[in-house]
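Open the model in your viewer and keep the selection panel at hand. The stops below go from one selection to the next, with the cut-offs given where each term comes up.

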Amino acid sequence: MERDQRKVVLVGTGMVGMSYAYALLNQPVCNELILIDIDRKKAQGEAMDLNHGLPFAQSHMKIRAGDYDECADADLVVICAGVAQKPGESRLDLLQRNADVLREIVQPIVASGFQGIFLAATNPVDIITHIIRDLSGFPPERVIGSGTTLDSARLRYMIGEYFHIDPRGVHAYVVGEHGDSEFVPWSQALIATKSVLELCEEAVGGCQFCDLQAIGEQVRTSAQKIIEAKKATYYGIGMALVRITKAIFDDENSILTVSVLADGQYGLRDVYLGLPAILNRGGVRSILNLNLLDEELEQLAQSAKTLKEFYAQLKI
Ligand code: NAD
(Lines give C-alpha, C1' and ligand atoms only; values in the text may rest on other atoms or scores of the structure.)
Protein backbone atom coordinates (compact mmCIF):
# COMPACT_ATOMS: atom_id res chain seq x y z
CA MET A 1 0.00 0.00 0.00
CA GLU A 2 1.25 3.48 -0.83
CA ARG A 3 1.12 5.55 2.35
CA ASP A 4 -0.92 8.43 0.92
CA GLN A 5 -3.50 6.27 -0.84
CA ARG A 6 -6.52 5.15 1.16
CA LYS A 7 -8.87 3.45 -1.24
CA VAL A 8 -11.83 1.50 0.14
CA VAL A 9 -14.09 -0.75 -1.90
CA LEU A 10 -17.40 -1.35 -0.13
CA VAL A 11 -19.38 -4.42 -1.22
CA GLY A 12 -23.00 -4.24 -0.09
CA THR A 13 -24.72 -0.87 -0.01
CA GLY A 14 -27.52 -1.83 2.38
CA MET A 15 -28.15 -0.35 5.82
CA VAL A 16 -24.82 -1.49 7.31
CA GLY A 17 -22.73 -0.63 4.27
CA MET A 18 -24.24 2.82 3.89
CA SER A 19 -24.01 3.58 7.61
CA TYR A 20 -20.30 2.82 7.27
CA ALA A 21 -20.05 4.99 4.12
CA TYR A 22 -21.90 7.87 5.77
CA ALA A 23 -19.72 7.67 8.89
CA LEU A 24 -16.61 7.59 6.63
CA LEU A 25 -17.81 10.72 4.86
CA ASN A 26 -17.90 12.55 8.18
CA GLN A 27 -14.33 11.72 9.19
CA PRO A 28 -11.08 12.25 7.31
CA VAL A 29 -10.21 8.54 7.08
CA CYS A 30 -10.08 7.54 3.43
CA ASN A 31 -9.78 9.41 0.13
CA GLU A 32 -11.50 7.07 -2.32
CA LEU A 33 -14.66 5.02 -1.83
CA ILE A 34 -16.07 2.64 -4.44
CA LEU A 35 -19.57 1.24 -3.93
CA ILE A 36 -20.49 -2.20 -5.28
CA ASP A 37 -23.84 -3.94 -4.94
CA ILE A 38 -25.66 -6.67 -6.83
CA ASP A 39 -28.28 -3.93 -7.25
CA ARG A 40 -26.07 -1.62 -9.36
CA LYS A 41 -28.69 1.10 -9.55
CA LYS A 42 -28.82 1.31 -5.77
CA ALA A 43 -25.03 1.64 -5.58
CA GLN A 44 -25.17 4.43 -8.18
CA GLY A 45 -27.93 6.27 -6.30
CA GLU A 46 -26.06 5.95 -3.01
CA ALA A 47 -22.86 7.34 -4.61
CA MET A 48 -24.78 10.35 -5.95
CA ASP A 49 -26.43 10.98 -2.59
CA LEU A 50 -23.12 10.81 -0.68
CA ASN A 51 -21.35 13.03 -3.21
CA HIS A 52 -23.95 15.74 -2.67
CA GLY A 53 -22.93 15.86 1.00
CA LEU A 54 -19.25 16.43 0.19
CA PRO A 55 -19.42 20.25 0.33
CA PHE A 56 -20.34 19.91 4.01
CA ALA A 57 -18.02 17.00 4.85
CA GLN A 58 -14.76 16.61 6.78
CA SER A 59 -13.27 14.50 4.01
CA HIS A 60 -12.27 14.96 0.38
CA MET A 61 -13.31 11.51 -0.76
CA LYS A 62 -13.79 10.52 -4.37
CA ILE A 63 -16.97 8.44 -4.31
CA ARG A 64 -18.41 6.40 -7.16
CA ALA A 65 -20.23 3.17 -7.92
CA GLY A 66 -17.95 0.63 -9.55
CA ASP A 67 -17.14 -2.96 -10.28
CA TYR A 68 -14.79 -5.60 -8.90
CA ASP A 69 -11.88 -4.52 -11.14
CA GLU A 70 -11.67 -1.46 -8.84
CA CYS A 71 -10.27 -3.79 -6.15
CA ALA A 72 -6.98 -4.15 -8.09
CA ASP A 73 -5.41 -1.10 -6.38
CA ALA A 74 -7.68 -0.91 -3.32
CA ASP A 75 -6.20 -0.91 0.18
CA LEU A 76 -9.27 -2.25 1.95
CA VAL A 77 -12.32 -4.20 0.82
CA VAL A 78 -15.18 -4.00 3.30
CA ILE A 79 -17.86 -6.65 2.89
CA CYS A 80 -21.33 -5.78 4.18
CA ALA A 81 -23.29 -7.69 1.52
CA GLY A 82 -25.74 -10.31 2.56
CA VAL A 83 -29.08 -10.98 4.03
CA ALA A 84 -29.93 -9.29 7.31
CA GLN A 85 -31.00 -11.09 10.45
CA LYS A 86 -34.77 -11.55 10.84
CA PRO A 87 -36.52 -11.16 14.23
CA GLY A 88 -35.93 -14.30 16.29
CA GLU A 89 -33.31 -15.63 13.88
CA SER A 90 -29.87 -16.37 15.33
CA ARG A 91 -26.80 -15.16 13.49
CA LEU A 92 -25.78 -18.70 12.85
CA ASP A 93 -29.10 -19.36 11.05
CA LEU A 94 -27.87 -16.94 8.43
CA LEU A 95 -24.80 -19.02 7.81
CA GLN A 96 -25.43 -20.93 4.65
CA ARG A 97 -27.40 -18.15 2.94
CA ASN A 98 -24.57 -15.68 3.43
CA ALA A 99 -21.82 -18.21 2.69
CA ASP A 100 -23.32 -18.61 -0.77
CA VAL A 101 -23.30 -14.82 -1.32
CA LEU A 102 -19.64 -14.74 -0.31
CA ARG A 103 -18.53 -17.11 -3.02
CA GLU A 104 -19.88 -14.73 -5.71
CA ILE A 105 -18.01 -11.80 -4.14
CA VAL A 106 -14.57 -13.05 -3.11
CA GLN A 107 -13.67 -14.76 -6.38
CA PRO A 108 -13.78 -11.59 -8.58
CA ILE A 109 -12.01 -9.56 -5.88
CA VAL A 110 -9.07 -11.98 -5.83
CA ALA A 111 -9.13 -12.21 -9.65
CA SER A 112 -8.72 -8.40 -9.81
CA GLY A 113 -5.24 -8.75 -8.25
CA PHE A 114 -6.34 -7.20 -4.93
CA GLN A 115 -3.42 -7.07 -2.47
CA GLY A 116 -5.00 -5.25 0.44
CA ILE A 117 -6.96 -6.17 3.56
CA PHE A 118 -10.41 -7.77 3.77
CA LEU A 119 -12.74 -6.49 6.51
CA ALA A 120 -16.08 -8.28 6.89
CA ALA A 121 -19.25 -7.33 8.77
CA THR A 122 -21.69 -9.79 7.18
CA ASN A 123 -23.14 -12.19 9.75
CA PRO A 124 -22.36 -14.65 11.17
CA VAL A 125 -19.25 -12.53 10.98
CA ASP A 126 -16.70 -14.94 12.50
CA ILE A 127 -17.59 -17.74 10.13
CA ILE A 128 -17.98 -15.40 7.15
CA THR A 129 -14.47 -14.06 7.83
CA HIS A 130 -13.15 -17.61 7.98
CA ILE A 131 -14.81 -18.36 4.63
CA ILE A 132 -13.23 -15.23 3.09
CA ARG A 133 -9.85 -16.47 4.27
CA ASP A 134 -10.50 -19.90 2.74
CA LEU A 135 -11.80 -18.52 -0.55
CA SER A 136 -9.10 -15.85 -0.92
CA GLY A 137 -6.09 -17.79 0.35
CA PHE A 138 -4.90 -14.50 1.91
CA PRO A 139 -2.70 -14.59 5.04
CA PRO A 140 -4.82 -14.34 8.21
CA GLU A 141 -3.40 -10.95 9.19
CA ARG A 142 -5.09 -9.51 6.08
CA VAL A 143 -8.52 -11.07 6.63
CA ILE A 144 -10.38 -9.49 9.55
CA GLY A 145 -13.98 -9.46 10.75
CA SER A 146 -15.68 -6.77 12.82
CA GLY A 147 -15.95 -9.49 15.50
CA THR A 148 -16.98 -8.18 18.91
CA THR A 149 -15.78 -4.61 18.28
CA LEU A 150 -19.36 -3.31 18.44
CA ASP A 151 -20.21 -5.53 21.43
CA SER A 152 -17.17 -4.20 23.31
CA ALA A 153 -18.29 -0.65 22.50
CA ARG A 154 -21.77 -1.44 23.85
CA LEU A 155 -20.15 -2.89 26.99
CA ARG A 156 -17.96 0.16 27.58
CA TYR A 157 -20.95 2.45 27.08
CA MET A 158 -23.07 0.49 29.59
CA ILE A 159 -20.28 0.23 32.21
CA GLY A 160 -19.73 3.96 31.76
CA GLU A 161 -23.43 4.62 32.37
CA TYR A 162 -23.43 2.36 35.46
CA PHE A 163 -20.42 4.03 37.09
CA HIS A 164 -21.10 7.51 35.62
CA ILE A 165 -17.74 7.44 33.84
CA ASP A 166 -16.91 8.51 30.28
CA PRO A 167 -16.79 5.21 28.31
CA ARG A 168 -13.37 6.21 26.98
CA GLY A 169 -12.03 5.64 30.53
CA VAL A 170 -13.52 2.13 30.58
CA HIS A 171 -11.34 -0.73 29.35
CA ALA A 172 -13.31 -3.92 28.92
CA TYR A 173 -13.90 -6.50 26.22
CA VAL A 174 -16.54 -8.82 24.89
CA VAL A 175 -14.76 -11.84 23.41
CA GLY A 176 -15.63 -14.97 21.47
CA GLU A 177 -18.35 -15.38 18.86
CA HIS A 178 -20.17 -12.22 17.76
CA GLY A 179 -23.39 -13.88 18.84
CA ASP A 180 -25.05 -15.99 21.49
CA SER A 181 -21.89 -17.52 23.02
CA GLU A 182 -19.99 -14.23 23.40
CA PHE A 183 -19.12 -13.20 26.97
CA VAL A 184 -17.37 -10.60 29.12
CA PRO A 185 -14.17 -11.70 30.90
CA TRP A 186 -14.83 -9.50 33.92
CA SER A 187 -11.38 -10.21 35.38
CA GLN A 188 -10.04 -7.96 32.58
CA ALA A 189 -12.50 -5.05 32.99
CA LEU A 190 -10.93 -1.82 34.25
CA ILE A 191 -11.95 1.75 34.97
CA ALA A 192 -8.75 3.68 34.45
CA THR A 193 -6.39 1.12 36.09
CA LYS A 194 -8.84 -0.04 38.76
CA SER A 195 -10.43 -3.49 38.36
CA VAL A 196 -14.22 -3.37 38.07
CA LEU A 197 -14.38 -6.55 40.20
CA GLU A 198 -12.43 -4.78 42.96
CA LEU A 199 -14.88 -1.89 42.78
CA CYS A 200 -17.64 -4.46 43.33
CA GLU A 201 -15.84 -6.06 46.28
CA GLU A 202 -15.49 -2.62 47.83
CA ALA A 203 -19.15 -1.93 46.88
CA VAL A 204 -18.08 1.47 45.51
CA GLY A 205 -21.23 3.42 44.66
CA GLY A 206 -23.31 0.35 45.62
CA CYS A 207 -21.79 -1.64 42.75
CA GLN A 208 -22.73 -5.34 42.78
CA PHE A 209 -21.51 -8.21 40.62
CA CYS A 210 -25.09 -9.21 39.75
CA ASP A 211 -25.50 -5.77 38.10
CA LEU A 212 -22.39 -6.43 35.99
CA GLN A 213 -23.79 -9.80 34.95
CA ALA A 214 -26.99 -8.04 33.90
CA ILE A 215 -24.92 -5.60 31.83
CA GLY A 216 -23.17 -8.54 30.12
CA GLU A 217 -26.57 -10.03 29.30
CA GLN A 218 -27.86 -6.67 28.00
CA VAL A 219 -24.84 -6.42 25.69
CA ARG A 220 -25.37 -9.97 24.43
CA THR A 221 -29.04 -9.35 23.62
CA SER A 222 -28.70 -5.77 22.30
CA ALA A 223 -28.82 -6.71 18.62
CA GLN A 224 -32.04 -8.74 19.01
CA LYS A 225 -33.70 -5.90 20.95
CA ILE A 226 -32.76 -3.33 18.29
CA ILE A 227 -33.93 -5.67 15.51
CA GLU A 228 -37.27 -6.16 17.30
CA ALA A 229 -37.65 -2.39 17.59
CA LYS A 230 -36.41 -1.20 14.17
CA LYS A 231 -35.76 -4.32 12.08
CA ALA A 232 -31.98 -3.95 11.77
CA THR A 233 -28.89 -2.54 13.48
CA TYR A 234 -26.55 -0.36 11.48
CA TYR A 235 -25.28 2.92 13.00
CA GLY A 236 -23.16 1.27 15.70
CA ILE A 237 -21.59 -1.25 13.33
CA GLY A 238 -21.03 1.50 10.75
CA MET A 239 -19.00 3.47 13.29
CA ALA A 240 -17.17 0.34 14.48
CA LEU A 241 -16.10 -0.36 10.89
CA VAL A 242 -14.82 3.21 10.52
CA ARG A 243 -12.86 2.81 13.77
CA ILE A 244 -11.21 -0.35 12.41
CA THR A 245 -10.55 1.35 9.06
CA LYS A 246 -8.86 4.27 10.82
CA ALA A 247 -6.73 1.94 12.97
CA ILE A 248 -5.48 0.30 9.75
CA PHE A 249 -4.96 3.41 7.59
CA ASP A 250 -3.37 5.47 10.37
CA ASP A 251 -1.04 2.57 11.28
CA GLU A 252 -2.27 3.03 14.85
CA ASN A 253 -1.34 -0.24 16.55
CA SER A 254 -4.69 0.11 18.31
CA ILE A 255 -6.31 -2.74 20.21
CA LEU A 256 -9.79 -3.75 19.07
CA THR A 257 -11.71 -6.99 19.51
CA VAL A 258 -11.87 -7.86 15.82
CA SER A 259 -12.49 -11.36 14.51
CA VAL A 260 -9.09 -12.97 13.99
CA LEU A 261 -7.74 -16.44 13.30
CA ALA A 262 -6.52 -17.90 16.60
CA ASP A 263 -3.11 -19.48 16.28
CA GLY A 264 -2.49 -21.09 19.66
CA GLN A 265 -3.65 -18.11 21.77
CA TYR A 266 -5.86 -19.27 24.67
CA GLY A 267 -5.26 -22.85 23.50
CA LEU A 268 -7.33 -22.18 20.34
CA ARG A 269 -6.47 -22.90 16.72
CA ASP A 270 -8.17 -22.82 13.31
CA VAL A 271 -11.08 -20.70 14.45
CA TYR A 272 -11.99 -17.07 13.77
CA LEU A 273 -13.44 -15.27 16.80
CA GLY A 274 -13.41 -11.91 18.55
CA LEU A 275 -10.19 -11.39 20.50
CA PRO A 276 -8.25 -8.25 21.41
CA ALA A 277 -5.81 -7.72 18.56
CA ILE A 278 -3.29 -5.03 17.65
CA LEU A 279 -4.20 -3.44 14.30
CA ASN A 280 -1.98 -1.45 12.00
CA ARG A 281 -1.36 -0.79 8.30
CA GLY A 282 -0.47 -4.45 7.76
CA GLY A 283 -3.73 -5.65 9.35
CA VAL A 284 -3.40 -7.78 12.48
CA ARG A 285 0.03 -7.30 14.08
CA SER A 286 -0.70 -9.79 16.86
CA ILE A 287 -3.39 -11.16 19.14
CA LEU A 288 -3.14 -10.22 22.83
CA ASN A 289 -2.84 -13.05 25.32
CA LEU A 290 -4.81 -11.83 28.34
CA ASN A 291 -4.52 -13.56 31.73
CA LEU A 292 -8.02 -15.03 31.70
CA LEU A 293 -9.33 -16.98 34.69
CA ASP A 294 -9.83 -20.72 34.22
CA GLU A 295 -13.62 -20.34 33.97
CA GLU A 296 -13.19 -17.59 31.36
CA LEU A 297 -10.84 -19.79 29.34
CA GLU A 298 -13.50 -22.51 29.50
CA GLN A 299 -16.19 -20.08 28.25
CA LEU A 300 -13.92 -19.00 25.39
CA ALA A 301 -13.27 -22.64 24.48
CA GLN A 302 -17.04 -23.26 24.43
CA SER A 303 -17.61 -20.27 22.16
CA ALA A 304 -14.85 -21.48 19.82
CA LYS A 305 -16.38 -24.98 19.83
CA THR A 306 -19.78 -23.56 18.77
CA LEU A 307 -18.17 -21.71 15.88
CA LYS A 308 -16.10 -24.71 14.80
CA GLU A 309 -19.18 -26.94 14.79
CA PHE A 310 -21.14 -24.58 12.54
CA TYR A 311 -18.15 -24.00 10.30
CA ALA A 312 -17.78 -27.77 9.87
CA GLN A 313 -21.40 -27.98 8.61
CA LEU A 314 -20.74 -25.50 5.81
CA LYS A 315 -20.72 -26.28 2.14
CA ILE A 316 -18.16 -23.82 0.81
P1 NAD B 1 -29.30 -5.06 3.80
O2 NAD B 1 -30.25 -6.09 3.31
O3 NAD B 1 -29.79 -3.69 4.10
O4 NAD B 1 -28.09 -4.92 2.75
C5 NAD B 1 -27.45 -6.00 2.16
C6 NAD B 1 -26.98 -5.53 0.80
O7 NAD B 1 -26.20 -6.60 0.23
C8 NAD B 1 -28.11 -5.20 -0.18
O9 NAD B 1 -27.93 -3.91 -0.71
C10 NAD B 1 -27.98 -6.30 -1.24
O11 NAD B 1 -28.37 -5.87 -2.52
C12 NAD B 1 -26.48 -6.59 -1.17
N13 NAD B 1 -26.14 -7.90 -1.75
C14 NAD B 1 -26.76 -9.09 -1.58
N15 NAD B 1 -26.15 -10.04 -2.29
C16 NAD B 1 -25.10 -9.45 -2.91
C17 NAD B 1 -24.08 -9.92 -3.78
N18 NAD B 1 -24.02 -11.19 -4.17
N19 NAD B 1 -23.17 -9.03 -4.23
C20 NAD B 1 -23.21 -7.73 -3.85
N21 NAD B 1 -24.15 -7.23 -3.03
C22 NAD B 1 -25.09 -8.09 -2.56
O23 NAD B 1 -28.62 -5.71 5.10
P24 NAD B 1 -27.83 -4.91 6.24
O25 NAD B 1 -28.77 -4.53 7.32
O26 NAD B 1 -26.98 -3.88 5.59
O27 NAD B 1 -26.91 -6.08 6.84
C28 NAD B 1 -25.82 -6.58 6.08
C29 NAD B 1 -25.09 -7.66 6.87
O30 NAD B 1 -24.46 -7.08 8.02
C31 NAD B 1 -26.02 -8.75 7.42
O32 NAD B 1 -25.38 -10.01 7.28
C33 NAD B 1 -26.17 -8.38 8.87
O34 NAD B 1 -26.51 -9.48 9.70
C35 NAD B 1 -24.78 -7.88 9.16
N36 NAD B 1 -24.60 -7.09 10.39
C37 NAD B 1 -23.45 -7.27 11.06
C38 NAD B 1 -23.22 -6.60 12.25
C39 NAD B 1 -21.93 -6.86 12.99
O40 NAD B 1 -21.74 -6.43 14.14
N41 NAD B 1 -20.99 -7.56 12.38
C42 NAD B 1 -24.17 -5.69 12.74
C43 NAD B 1 -25.33 -5.50 12.02
C44 NAD B 1 -25.55 -6.21 10.84
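Begin by selecting His-171, which stands opposite Leu-190 in β8; strands here are DSSP runs of E with at least two residues, helices are DSSP runs of H or I with at least four residues, and both are numbered from the N terminus. This is a predicted model, in which local features need pLDDT of at least 70 and side-chain atom pairs count only at pLDDT 80 or more, while totals for chains, interfaces and linings use all residues. Residues are numbered from 1 along each chain as its sequence is written, and side-chain values use heavy atoms, with hydrogens and water left out.

Extend the selection to β7 and to strand β8 (residues 190-191), which pair in the antiparallel sense over two bridges; two strands pair if DSSP finds at least two bridges between them. With β9 added, you have an open sheet of three strands in the order β7-β8-β9, with antiparallel pairing. Because β7 (170-171) and β9 (194-195) each have a single partner strand, they form the edges, and one side of each is left without a neighbour in the sheet.

Next, colour the protein chain by its division into domain 1 (7-145) and domain 2 (149-312), bounds that come from an automatic or database domain assignment. The centres of the two domains, taken over C-alpha atoms, are separated by 23 Å. Domain 1 puts 42 residues into the contact and domain 2 puts in 39 residues, where contact means heavy atoms within 4.5 Å.

Now show the largest nonpolar core, which has 81 residues, and in which Leu-33, Ile-109 and Phe-118 have the most contacts. Such a core is a set of buried Ala, Val, Leu, Ile, Met, Phe, Trp, Tyr and Cys residues joined through side-chain atoms within 4.5 Å; buried means under 20% relative accessible area, exposed over 50%, and partly exposed in between, with a 1.4 Å probe and protein chains only. Helix α8 (residues 235-249) gives this core its largest share, eight residues. The core lies between domain 1 (7-145) and domain 2 (149-312), because both give residues to it. Centre on Ile-109 and you will find that, not counting residues up to four places away in sequence, it touches Val-11, Tyr-68, Cys-71, Val-77, Ile-79, Phe-114 and Phe-118. Apart from this core lies another, of 18 residues, with Met-158, Ile-191, Val-196 and Cys-207 among them.

Move on to helix α1 (residues 15-25), where eight of the eleven residues are buried, so the helix is largely enclosed by the rest of the structure. Among the elements that cover the buried residues of α1 are β1 (7-11), β2 (32-36), α2 (40-51), β3 (62-65), β4 (76-79) and α8. In the loop between β1 and α1, select Thr-13, which is buried with a relative accessible area of 0%. Leaving aside neighbours within four places in sequence, Thr-13 is in contact with Met-18, Leu-35, Ile-36, Asp-37, Lys-42, Ala-43 and Glu-46.

Which residues are closest to the ligand? They are Met-15, Val-16, Asp-37, Glu-104 and Ala-121, out of 26 residues that surround the ligand, each with a heavy atom within 4 Å of it. A backbone N or O atom of Met-15 lies 3.0 Å from an oxygen atom of the ligand. Two nitrogen approaches can be displayed as well: a polar side-chain atom of Glu-104 lies 3.0 Å from a nitrogen atom of the ligand, and a backbone N or O atom of Ala-121 lies 3.0 Å from a nitrogen atom of the ligand.

Then select Gly-82, in the loop between β4 and α3 (95-111); this residue is partly exposed, with a relative accessible area of 44%. Beyond residues up to four places away in sequence, Gly-82 touches Asn-98, Val-101 and Thr-122.

Finish at Asp-126 in helix α4 (residues 125-136), a residue that counts as buried at 1% relative accessibility. The side chain of Asp-126 reaches the backbone nitrogen of His-178 at 2.8 Å and makes a polar contact with the side chain of Ser-259 (2.7 Å). A polar contact is a pair of N or O atoms within 3.5 Å; within protein, one must be able to donate a hydrogen and the other to accept it, and residues adjacent in sequence count only if both atoms are side-chain atoms.
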